[in-house]
Amino acid sequence: MAASLRFVSFTASMIGLLSAGVLAQQEAPPTVNVPYEHDSGWFENTSLDADVVLSFPVHLEGASWMRLYFEEISLSGELSAGTGAILRMTALEDGGIQEMNAAHVGQWQNSSAYFNGDTVLVEVLAFPGSGWNRVAMRSIDMGVMPASEPSICGPSDDRVLSSDARVARILPVGCTGWMIDDCGRCFLTAGHCAGSTGVAQFNVPLSSSGGGLNHPPPSDQYSVDGSSMQTNGGQGVGNDWAHFGCFPNSNTGMTPAQAQGSVFTLVSPPGASGTNIRITGHGVDNGNRNQVQQTHVGPASNLSGNSVSYVTDTQGGNSGSPVIWDQTDQAVGIHTHGGCGSSGGANNGTSSVRAELQDAINNPMGVCTAGWSFPTAFPELVPPGVPVPLQVQLLGSGSSVTLHYRINGGAFQPQAMVPLGGGIYEGTLPMLSCGDSPEYYFSYVDASCGLANYPDDAPASSLSMEVGSPEPVLSDNFESDQGWTTTINGATSGAWERGVPVNDPNYPYDPPSDSDGSGSCYLTGNSLGESDVDNGSVSLISPVLDFSLSGSFVSYDYYLRMTTGIGNDNLKVEARNGSGPWLSVATHAFGSSNNWRSNSISALEFASAGVIATSNVQLRFTVSDLGTITINEAGLDNFFVGRIGCGADLGTNYCSSTGAVISASGSDSVADNNLTLRADNLPAMVNGIFFYGDLQNSVPLGNGTLCVSGTNGIFRFSPVQNSGLAGQAVRAVDLNNPPLPAGQVTAGSTWNYQFWFRENGSSNLTDAVSIIFTP
């Protein structure tokens, strides 16, 4: 696909016009937003290794700094599987790098950090066979040189450079924000700064000699979580506040508080008499001190009620700065308004005791809520016989995290999670048996806020997963007709069609290919040009499906590209039993990328929607374009109906035991090399070993019976295994690497397996299982 590119330059007269103006306490840096059109086209990684699949420079002549805005970022792969593509941006002036995965792209709202210089290299790194990638530019914020006028208490500006790790520059609005000791270690700033807050910058370097802003590396920049923002918008002196949080850094994974190492303690103001007030923030100035961190101390004028005032130097850009009780280094308010002049007066702010501000702090939103973040998605289905790692990230100040879990009911067992750095902790569920029902939750004690659980009401509610493997009931890649039907309800175009995507190079809204690589899929209109759904809806109806088996579920890949998500324009999934009513089971809303996505619906979700799981269920996929005509393109592929199963047990059990049992699963085929042994009902936290031989036996040993012997002796698997709190042991057997050559398993041979374990100062054994192996 041909890419379009437009470069823009600026004249000195244009920059001069943009720089003029009177300074205020809120001071947005002089900026030009420049339309910048560039479409990389679609690229995939067809090599054997992860590699850069697309790359282009972004250049604006005369820019002192740049921030990029994107029309679309489509990154291939799955984050949870570790195959998610990475968008990498590098400033050529100083080598500053920002990396984003698909989750970070959403957090940064299709924008970048601030980069120094006039050129940024944009790249996408993708994994082999992970899908298609595309980057389309929309515009750039370009920094230009500012003008400046003084606004100071008294005849001289007495501010000095400072480096308070708790204080950030907020762009693009040009204010100051600072972290406090609430549960999420979130920020306060002025309410009139909240409308445009997008990025919090720490460790800000000196500006250029002409006052142009320089920016810290992307590792010191954090995207504001818009859902966390609580503010009154700024309603004058004493009533001007905002409370918000930032996402962890996309490069380091650390939260601002973790990276900076300290936050302000927020307290009530003392009496004004004898109290000194420090204001630290990013006010404007001349030369290289423009909007870098400076500080000044002056006497308090008034610290009563909802407003605070002080004879302390501030400037435009200081709005939102902490009002610091200098004798204790504690914060007592938010600086919001100037009022000083060369002949006197005082600057002003909102007190920390403002009731509405305290209410926002005590009822946080977004990332400020519980002090938790989750680096990876929690699994919904796990295979048996393998440990299950779980990760959480603390946004607060706790130093230890506990994983609480139970398997098949009973009391929750605590497990101290291991710190990995950056506030991330990892715990591990023990190896699970097929059909187990594990439940778990997390807790930590915050230094300021006490006990925090996730979920919030744990252990009354908890997280869960299923244990087993998907067993197919129906698999449809749409390469042949398996009985799907279509209907049209008023639509004048975009009917569902089965076929290979035409991939029109002049129409960017269709998928470039199917999802599963077989070639064909279902699409809404599969022809050159604009072929989307208009003026109504179109439906795709499945053949009759069997959901009667225990653990049934459906999964599918869907494509949804829309120019806007208004009204009822969406992809709706409905189900019915027999000739009953269609009931909604899933809705896929506004999609703005050309990537396929996956979804699954469990039997529990069907039941919650009122659909009875029988052998006579149908699904209906409906795409609508109602009211204002917009572009709505959809697709369906990789359709799968299955059940969560455990597979048939292998072999024949024999011999007696005192309660502990052994089982085998997988395959008895030597070529498959897929044999798993499991010992259950063991005492907790005891050591033991699996062993095998080609003969059967029945000899008392310890508290149990030795059921195995061998022509060449007994072969033991190493290392020794521990039963853990769950009282089980699992071993995947490599048939190609026996403990000794005489223990080699061959087709037609019979081998007997058993587990020995310590018990009450003696030993015991499970029963035994005998397996006849096939080719």
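**Helix H4, the disulfides and Ser111**

In helix H4, which spans residues 355-362, the residues Leu357, Ala360 and Ile361 are buried. When H4 is viewed down its axis, its buried residues fall within an arc of 100°, so they line one face of the helix. Ala355 and Asn362, on the other side of H4, are exposed. The cover over the buried residues of H4 includes strand S13 (187-189), strand S15 (221-231), strand S16 (242-246), strand S21 (330-337) and strand S22 (347-351). These descriptions, like those that follow, refer to a predicted model.

A search of the whole structure finds four disulfides, and three of them are described here. One disulfide joins Cys153 to Cys340, with an S to S distance of 1.7 Å, and this link is right-handed, with 85° about the S-S bond. Cys153 lies in the loop between strand S9 (132-143) and strand S10 (160-161), while Cys340 lies in the loop between S21 and S22, so the pair ties together parts that are 187 residues apart in sequence. Both Cys153 and Cys340 are buried.

A disulfide also joins Cys186 to Cys368, with an S to S distance of 2.1 Å, and the link of Cys186 and Cys368 is left-handed, with -120° about the S-S bond. Because Cys186 lies in the loop between strand S12 (175-179) and S13, and Cys368 in the loop between H4 and strand S23 (372-373), the pair ties together parts that are 182 residues apart in sequence. Cys186 counts as buried at 2% relative accessibility, and Cys368 counts as buried at 1%.

In the disulfide formed by Cys655 and Cys707, the sulfur atoms are 2.0 Å apart; the torsion about the S-S bond is about -80°, so this disulfide is left-handed. The pair links distant parts of the chain, 52 residues apart, with Cys655 in the loop between strand S45 (652-654) and strand S46 (661-666) and Cys707 in strand S50 (residues 704-709). Cys655 counts as partly exposed at 28% relative accessibility, whereas Cys707 is buried, with a relative accessible area of 0%.

For Cys246, the closest cysteine sulfur is that of Cys186, at 8.0 Å, which is too far for a bond. Cys246 is buried, with a relative accessible area of 7%.

Ser111 lies in strand S7 (residues 111-116) and is buried, its relative accessible area being 4%. The side chains of Ser111 and Arg67 are joined by a polar contact of 3.0 Å. When its neighbours within four places in sequence are left aside, Ser111 is in contact with Arg67, Leu68, Tyr69, Phe70 and Met100.

Conventions
Residues numbered from 1 in each chain as written. Predicted model: local features only at pLDDT ≥ 70, side-chain atom pairs only at ≥ 80, totals over all residues. Heavy atoms only, no water. Helix = DSSP H or I, 4+ residues; strand = E, 2+ residues; numbered from the N terminus. Buried < 20%, exposed > 50% of the residue type's maximum accessible area, 1.4 Å probe, protein only. Polar contact = N/O pair within 3.5 Å; in protein donor to acceptor, adjacent residues only side chain to side chain. Contact = heavy atoms within 4.5 Å. Arc of directions from axis to C-beta. Disulfide = S-S within 2.5 Å.
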